[in-house]
Amino acid sequence: MSDIVLEGVDKVYPGGVEAVTGASLVVKDGEFVTIVGPSGCGKTTTLRMIAGFEHPTHGRVGIGGDGMTDVPPDERNTGMVFQDFALFPHMTVGENIAYGLTIGGGWDEADAKNRVEEMLELVELPGFADRDPEQLSGGQQQRVALARALAPEPEVLLLDEPLASLDKKLRESMQVELRRIQERVGITTVLVTHNQKEALTMSDRIAVMNDGQFDQVGTPQEVYNRPETRFVADFVGTANIFDGTVVDQSPEKITVDCGAFEILATPHDGVTVGETVSVVVRPEHTRVETTTEAANVIEGNVEVSRFLGDHVECHISLPTGTEAVGIVTPDGPSPTTGSQVTVGIDAEDCLVVTD
């Protein structure tokens, strides 16, 4: 088993700065989990505690059933890829990949050479062993860094923003390649990123971190469609969030007064009349129409209209002074800036969150 376990982990830096507070997480054997969150939320510190580069102030770190809290980094069977790749410029590609095998790795020269060739095949760079890192593109350097991390056959793979320095198109293609390689090797993997789309497209599960703690851990579908807190809804993807007060409730629906309009939403256990809540609606469920039969109908004015190929994205000012993002399908109306439109939202697409 190559699972990763964090139990009540804290990290307090000198001066009383709390980077991580009571974080608990289990990454199952062979699973790809992404820790996502804004800058300064503690995600990189958490990854470094798994790797052993940071020591927890309190709590326990375990890998493969063994306690790792006090084990130094070089005695943990982990591979790590950094944001800047950290390839040695004075070594060839092959020497970079073989570094962890020949320096204390216990591999003889022949076996190390074979392993290098195997890794180059895995990352689809056969014949690159004698090249210098400076001769490679950013995407190729990223693959070499990944090959170097995987070469010593680690139990777990740790990825610290490994695609951040790549341009958008290359980054998206490398997301697919990285996931393909991870699934082929079957290695337990933790990725840290601030890129929500990256997390959604690559992960088995996502751990959303906020202010040193995990707000929600779940599949991409759960985190996107059923956010448990206002922060998760706002951070992961794009969301329309309407704050208001519950004025009526029944087993079938909740009515939330948002000031200039009311919204009918799906039931939420534990919500009471008079409670302040937030209603979350994704843009794909926020239809911009000329007429609508939706449960929720809101009038607004188009502030910005953006053509995105298969749909038009409209930013609409609402009577509350807030803005909503809505979608127009190719066969729908063609709203222009300043035009008045109707926003239609079905009650089942409105999710109430209380935190």
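Here is a friendly conversation about the helices, sheets and contacts of this predicted model. Residues are numbered from 1 along each chain as its sequence is written. Local features need pLDDT of at least 70 and side-chain atom pairs count only at pLDDT 80 or more, while totals for chains, interfaces and linings use all residues; side-chain values use heavy atoms, with hydrogens and water left out.

Biologist: Let's start with the overall picture. How many helices and strands does the chain have?
Modeller: Helices here are DSSP runs of H or I with at least four residues, and strands are runs of E with at least two, both numbered from the N terminus. The C-alpha trace spans about 75 × 45 × 35 Å along its principal axes. Counted that way, the chain has eight helices and 20 strands.

Biologist: What percentage of the 355 residues is buried?
Modeller: Buried means under 20% relative accessible area with a 1.4 Å probe and protein chains only, exposed means over 50%, and partly exposed lies in between. By that cut-off, the buried share of the 355 residues is 49%.

Biologist: And of the contacts between residues at least 6 apart in sequence, what percentage joins residues at least 24 apart?
Modeller: A contact means heavy atoms within 4.5 Å. Among contacts between residues at least 6 apart, the share that joins residues at least 24 apart is 66%.

Biologist: On to the helices, then. Are helix 4 and helix 5 roughly parallel or antiparallel?
Modeller: Axes are lines fitted to C-alpha atoms, for helices over the stretch in contact, and angles run from 0 to 180 degrees between N-to-C directions. Helix 4 (residues 138-150) and helix 5 (residues 168-185) have axes that come within 11 Å and cross at roughly 20°. Angles under 35 degrees count as roughly parallel, over 145 as roughly antiparallel, 65 to 115 as roughly perpendicular and the rest as oblique. The crossing angle therefore makes helix 4 and helix 5 roughly parallel.

Biologist: Which residues of helix 5 make the contact with helix 4?
Modeller: On the helix 4 side, the contact is made by G138, G139, Q142, R143, L146 and L150. Their counterparts in helix 5 are L170, M174, E177, L178, I181 and V185.

Biologist: By class, how many residues in that contact are nonpolar, polar and charged?
Modeller: Ala, Val, Leu, Ile, Met, Phe, Trp, Tyr, Cys and Pro count as nonpolar, Asp, Glu, Lys and Arg as charged, and the others, Gly among them, as polar. On that scheme, the contact of helix 4 with helix 5 has seven nonpolar, three polar and two charged residues.

Biologist: Which strands stand at the edges of the six-stranded sheet?
Modeller: Two strands pair if DSSP finds at least two bridges between them. This open sheet of six strands has mixed pairing and the order 6-7-8-3-9-10. The strands that pair on one side only are strand 6 (78-81) and strand 10 (213-218).

Biologist: Which strands of that sheet does helix 4 touch?
Modeller: Helix 1 (residues 43-51) lies across several strands, including strand 7 (156-160), to which it runs at about 150°. Helix 4 packs on the sheet as well, and its direction makes about 170° with that of strand 6. The strands helix 4 touches are strand 6 and strand 7.

Biologist: Now the open sheet of five strands. Why do strand 13 and strand 20 have one side without a neighbour?
Modeller: The order is 13-12-11-14-20, with antiparallel pairing. Strand 13 (262-265) and strand 20 (351-353) stand at the edges, so one side of each lacks a neighbour in the sheet: each has a single partner strand.

Biologist: Within that sheet, which residue of strand 14 stands opposite I241?
Modeller: Strand 11 (residues 240-249) and strand 14 (residues 276-281) run antiparallel and are joined by six bridges. Opposite I241 stands V280.

Biologist: I like hairpins! Which residue in the turn between strand 1 and strand 2 has a positive phi?
Modeller: Strand 1 (residues 4-13) and strand 2 (residues 17-27) pair in the antiparallel sense over seven bridges, and K11 stands opposite V20. Three residues lie between the two strands of this hairpin. The residue with a positive phi, about 95°, is G15.

Biologist: And which residue plays that part in the turn between strand 16 and strand 17?
Modeller: Strand 16 (residues 296-307) pairs antiparallel with strand 17 (residues 312-317) over six bridges, with S317 as the bridge partner of N301. Four residues separate the strands of the hairpin, and the one with a positive phi of about 90° is G309.

Biologist: Last one: is L200 buried or partly exposed?
Modeller: L200 is found in helix 6 (residues 196-202). Leaving aside neighbours within four places in sequence, L200 is in contact with I206, P220, Y224 and V236. With a relative accessible area of 25%, L200 is partly exposed.
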